[in-house]
Structure formats: C-alpha cells, structure tokens
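I opened my notebook to look up a few things here: a sheet, a pair of helices and the ligand's surroundings. Here is the structure I worked from.

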Amino acid sequence: MDLASTEESVSELLRRGLDWLTRITRFDLATLFLLKDERLVAVAARGPLANAKVRGHVLKLAEFPMVRQALETRRARAFTEEDHSGEGDPFDGVLDLPPGHSCMVVPLCSGERRYGVLTLDRSECETYPQAVVDLVEVYGQLLATALQNAEQKAAFERLHRQDHEHAKLLESQLGGDSEGILETSLSPVMRDLARRARQVAETDTPVLLLGETGTGKERLARAIHRWSPRADEPFVTINCAAIPAGLLESELFGHVKGAFTGATRDRAGRFQMAHGGTLLLDEVGELPVELQAKLLRALQEKTFEPVGSDKTVRADVRLLAATHVDLQQAISQRRFREDLYYRLSVFPLRLPPLRERLEDLPQLCAFLLDEQSRRTGRRGMRVTSEGLERLAAYGWPGNLRELANVLERATILSRVPELGPDAFDLPVREKALTAAPTVSAARAEKSEKVATLAAVQREHILRVLSLTKGRIYGPGGAAQLLGLKPSTLQSRMKKLGIARQDQFIVESPS
Ligand SMILES: Nc1ncnc2c1ncn2[C@@H]1O[C@H](COP(=O)(O)OP(=O)(O)OP(=O)(O)O)[C@@H](O)[C@H]1O
C-alpha cells in the first residue's frame, strides 16, 4: 500500500482494527507494519508499551527471515525463546523487552496483496498458545480483506475525482459547462429557450439554431448533445462557410481512394464520424444547393454514398443546424431548398442577441472571466458596477464572442483585478453600432436626420472591424468580410479617418 496515499478511511480502519484486537487476546504492544519496498514500516501501535519510537519503526525484511517467512507462507506464528536468540527481536534498540518474551507475527495478506504484518508482544516470557495464534491469524486475514476493500474504495474515489476533473477540464476546453448559465439566466427568453432545448434534446428531432453571430448557437448545440441520450457518442461539427464548396461534399460524406486528384485513400466524412451521435451543420445557409438534395436524403433515409463510391453507407446521426442568415430569404432567392428547410426547422430555437439579454451581463462576465483565467492566469478578475454600466451601454454586434474578447483584452491589460469603465476598449460609437448590419443602414436612411453615405460606410466598416478585432488581412479578416482588397479597405479607412481616430489595431501581413 502506498503510505503517502493511505486515505483517512484506511487509517481509521487500522486504528479500529487494533482496538478490536484487545478483545481477542492480551498484549503489551500490538504493532501494525505496512510493507513498502521490502521494508516494514510501523504505522500504528497499541498497548502500554506503544510509544512514538515504536510508531515509525522500520524493519528490513532481509534481516528478519522468520517475519519474511510468515508473509510468504501467509501463516501466523509465535516466537519461541529459541527464535528470539536466533534472529534477534524486531524491537531491539527500540524497546527493552526481556529475552524470550511472548511474541507473535501475523501476516496481513488478501488475495495477491501482501499488506504487511501485525506483531503482538508481551513482557511475560511465555509463548502464545497455538489456539490464540490461529485465532489472530484469522483476524489478520479479515483485517487484510478490510484493508483491500478500503484501498479499492480509496482508489475508486481517486479515479472518480480524476475523472470528474478531466470531464470538467474537457468541458471547459470545449466551451461547455455553461448550461448552468443558460438555465439560471435572468432573462426569461433565455430560460424558456433552455427549457425547450432540454426537452427537444431527449428526442432525435432536428433542431435549427437561429441567431446573430456569436450569440452562442454552437454552445447551445453542444449542450443539446450533452443533454441527449447520445451524450456518450461523438459530437461532430462542420462549418459549411469555412470549407470550399468543392470539398464540402467529401468533408460531409467522405470519399473513396481515387475519387478525385489527391484522394489517395478512403476517408470517412463527418456523417460517418458522427454515427450514433450528433452532427452540427454550422452556417447551414452556406451549403451549396447541389449538396442540399444529398443532405436531405441523408436526413430522411440515413443513407448516402461517399464521393466516388456507389456503395451506400448508413449513418445514424442526429442533426442540428445553425445559421445567422435568413433562410426564408435564401429560399425566395432559390439559394436554399424549401424541402430541406422544412426538414431542418422542425424545432427552431432562436438565440437572442446580447443587447436583448443585458440582465445576464453580470453573470456572463463572471463566467467568462473565470473561464478565461485558465488561459490568462489572472484569477479573481471582476467587473465593477460602473464597468458593467459601460458594457451595458454598448450594442454588442458580435454578441457573446465580442464580449469574451473585450473581457480578455481588458484582463490582459489591467494591472488591478477590478475592471472599471476605462478598462474596456469598445468602439467609440457604442449604441450607434448596436443594430444588426443591414438594419443599421436601413435605419440610417429612415432616420429623420439622413446620414451621409460616408457616415454609413464608416459605421459599417467599424462594425466589421470590431467583429474581427481590428484584423484586416487573411481569412475572416475585415477585408474578406467586406469583399474588398485589403489595400482598398485601408485606403477607405484612411479616407474615413478610422484607424487614427478609433485606435484600431491594424495588423500588417508579416
Ligand atoms: N451561454 C454562454 N455562456 C458563456 N459564454 C458563451 C455562452 N454562449 C456562447 N458563449 C461564448 O460566446 C462565443 C460564441 O459562441 P458560439 O460560437 O456558440 O456562437 P455562435 O452563435 O455559434 O457564433 P457564429 O454564428 O459566429 O458561429 C464563444 O466564445 C462561447 O464560448
């Protein structure tokens, strides 16, 4: 037994074990030794002779062949006067016991495990009778079995704790663990949403998650998976907007070797990977029309053919889809199949934008700061009430994702744990940026004071820059989102005075 990890329950067991022994036989000293690396270490002692020196006494097995023999044969034995003179006394140098005193060694073994020995000593010079030795031997067996149970229980609890910690770590890495926030939300809309999500999670019904970018659609999808009977099976996601249209079919349904240039081996698609579990089709509105028919069939019949194969594959998948675009509009523009839409939208769940659930701001900030502390190493960060007021006054076009970014930036830059209003580098125009992209332009037009074209452009660029955290270049950068060349965007920004006035960090390509 690993002494360092000897758990409370084991120590308690040993203590009580020695107490019971007093009812079986007489002794002046009963000592429990546990075996560690061929040495016996005294961990507990009872009786008038027990003292601090006895506890902690160490015996090398090699120096006490009869003790070793008791352990190997698993038989208790009484020491005779002869034995003492041959091998010496285990307590020589520790106790002043008369030569030939009563002594017995009892192995503590259970199954394959050798835990140690129990020794009994009496000052009288009289060998323990065999009947007593037999009785204490049985007692030793019972004690060893109890030790084994306690050890297994401790190991099980340790494992369970580790498992729990692993699961928690994994969840937080996956961005899970926020179901609590969904369900304890102060926003009635969110609470109702969480309730409905839990209900639908129990079924295999497809769910369509709607909401602006960053409102938590993917996070809710993960929660639905975890709440579902498929929770122990894979959760697979695919972002239809992030994969070039030409590769999407093979990503979704897999391909066989030789299906196209570069297909050097068979490869399973996300549908097969998600077999038994859940597949989230993120940005489903971006799915090319040609693929939509195949998806519909995969949904209805649970079968499909990998690219380049005529063999039908079966996959049992619960489908969740998410989009921030208006699919009805996409249908009217013939970019989205109506039959697929109805199939996907059996159970739509719309996530409210952050600006419509500001009552959750304090709880969300606390949650996100805590979650980020693992990454930033800054524990105990909190937003002051003035800081919260400032955050509540902002429109959050990037929703929870933007909030997470703003908080992380503030945490890194702040020297103190309290984040006040000045800690946040929010885009200057705050509420003016609150409306969704197209709405903001429309609103500007409708407004009594009609904004100039430059003002609308400026507002739009600012909004996109705040979404990309000021990044212009690369995939997902502002230039790509706006459909402009980076150099064009930069010169337009210069003209509109954006970079200088609004202090955006504008990265240059390295
Ligand atoms: N309930 C929540 N509590 C805390 N953080 C959340 C919650 N929901 C989402 N977030 C955080 O907000 C960010 C965006 O979430 P998510 O990716 O789920 O949004 P989305 O709506 O799928 O975004 P997009 O439409 O851009 O794909 C993530 O960092 C996520 O961890």
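Before counting anything, I noted that two strands pair if DSSP finds at least two bridges between them. I also kept in mind that this is a predicted model.

**Entry 1: the sheet.** I started with S7, residues 207-210, and found 4 bridges joining strand S7 to S13. These two strands run parallel. For one spot along the pair, I looked up leucine 210, and arginine 350 in S13 stands opposite.

Then I zoomed out. 5 strands form an open sheet, and I wrote down the order as S8-S9-S12-S7-S13, with parallel pairing. Which strands stand at the edges? They are S8 (235-239) and S13 (347-350); each has a single partner strand, so one side of each is left without a neighbour in the sheet. On average, neighbouring strands of this sheet are turned by 20° against each other, direction ignored.

**Entry 2: the ligand.** I looked up what surrounds the ligand and got 21 residues, with Gly216, Lys217, Glu218, Arg219 and Leu400 coming nearest. The elements giving two or more residues to this shell are helices H5 (179-183), H7 (217-227), H13 (361-376) and H15 (399-413). By type, I noted 8 nonpolar, 8 polar and 5 charged residues in the shell.

Where does the ligand lie relative to domain 2 and domain 3? Domain 2 (179-352) and domain 3 (354-426) both give residues to the shell, so the ligand lies between them.

**Entry 3: two of those helices.** I checked how H13 and H15 pack: the angle is about 55°, and their axes are 10 Å apart. That makes H13 oblique to H15. Last note: H13 passes H15 in a right-handed crossing.

Key:
Residues numbered from 1 in each chain as written. Predicted model: local features only at pLDDT ≥ 70, side-chain atom pairs only at ≥ 80, totals over all residues. Near = placed C-beta within 6 Å. Nonpolar A, V, L, I, M, F, W, Y, C, P; charged D, E, K, R; others polar. Domains from an automatic or database assignment. Axes fitted to C-alpha atoms, helices over the stretch in contact; angles between N-to-C directions. Parallel < 35°, antiparallel > 145°, perpendicular 65-115°, else oblique. Left-handed = near helix turned anticlockwise from the far one by under 90°.
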